[in-house]
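Here is a quick tour of one protein chain, written for someone who likes to check things against coordinates. Have a look at the model, then read on.

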Amino acid sequence: MSDLLAGAYLAKGTIGNVGLPGAPVASFSLVVVPSQHSVSGTVVITQAIQGPDSHIVVPVTGKIFATGIGKFTQVVSLKGQYVHSVPPPAIGSFLASFDAHLAIDNEWNGTGGFSYYGHNVENVPVKSAKQAELV
């Protein structure tokens, strides 16, 4: 039982074109357990344009697998749901879905994409927080 979390580590970074005005960016903080092929944590989607989609917090779970080929050594899938509120004059809220897919190296740098209510972001950089601090 004690080896269920063997090799667990924290991965932090971003998905998206950081610095591009108006572009949505997904920041992630994930606990990765490679021995269980599991990932869980939080994604925060931010966008410089004010509105209902300018700051979204999504609890996520997902899977991680080794590819064994090329420069992208791992693939990650994430999914979660969040409460999306409809702006006035409409009234109400509903559960919206979030999905992400990443092709990354061992340092969590690569390419990927994500989708959430009314938005689909594809073929954008994935950067680990370690690399982002160095830039």
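Which residue in S3 is the bridge partner of Phe-28? That would be Val-43. Keep in mind that what you are looking at is a predicted model.

## Overall build

Going from the N terminus, the order of elements is β-β-β-β-β-β-β-β-α. In other words, the chain has eight strands and one helix.

As for dimensions, the C-alpha atoms fit a box of roughly 50 × 35 × 25 Å along the principal axes. The radius of gyration is 16 Å, which agrees with the value near 14 Å for a compact globule of 135 residues. Of the contacts with a separation of 6 or more, 38% link residues 24 or more positions apart.

## Strands S1 to S3

Let's walk through the start of the chain. Strand S1 covers residues 9–15 and strand S2 covers residues 25–33; the two run antiparallel and are joined by seven bridges. One pair to pick out here is Lys-12, which sits opposite Ser-29 in S2.

S2 also pairs with strand S3 (residues 38–46), again antiparallel, this time through nine bridges. The Phe-28 and Val-43 pair mentioned at the top belongs here. Four residues lie between the strands of the S2 and S3 hairpin, and there His-37 adopts a positive phi near 55°.

## Thr-14 under cover

Is Thr-14 buried or exposed? Thr-14 belongs to strand S1, and its relative accessibility is 17%, so it counts as buried, the cut-off being under 20%.

Who is around it? Leaving aside residues up to four places away in sequence, Thr-14 touches Val-25, Ala-26, Ser-27 and Phe-28, and also Pro-125, Val-126 and Lys-127.

## The surface

Zooming out, 33% of the 135 residues count as buried. The chain exposes about 7800 Å², and 61% of that comes from carbon and sulfur atoms.

Which residues form a nonpolar patch on the surface? Val-86, Phe-94 and Tyr-117 do, with about 240 Å² of accessible area together. Phe-94 lies in strand S6, which spans residues 93–104. The relative accessible area of Phe-94 is 31%, so this residue counts as partly exposed: the class runs between under 20% for buried and over 50% for exposed. That 31% also matters for the patch, because members need over 30% relative accessible area.

Technical notes. Residues are numbered from 1 along each chain as its sequence is written. This is a predicted model: local features need pLDDT of at least 70, side-chain atom pairs count only at pLDDT 80 or more; totals for chains, interfaces and linings use all residues. Side-chain values use heavy atoms; hydrogens and water are left out. Patches are made of residues with over 30% relative accessible area and no salt bridge: like charges are joined within 9 Å, nonpolar side chains (Val, Leu, Ile, Met, Phe, Trp, Tyr) within 5 Å. Accessible areas come from the Shrake-Rupley method with a 1.4 Å probe; for residues, only the protein chains shown count as cover. A salt bridge is a side-chain nitrogen of Lys or Arg within 4 Å of a carboxyl oxygen of Asp or Glu. Buried means under 20% relative accessible area, exposed over 50%, partly exposed in between (1.4 Å probe, protein chains only). The radius of gyration is taken over C-alpha atoms; the globule rule is 2.2 Å times the number of residues to the power 0.38. Contact means heavy atoms within 4.5 Å. Two strands pair if DSSP finds at least two bridges between them.
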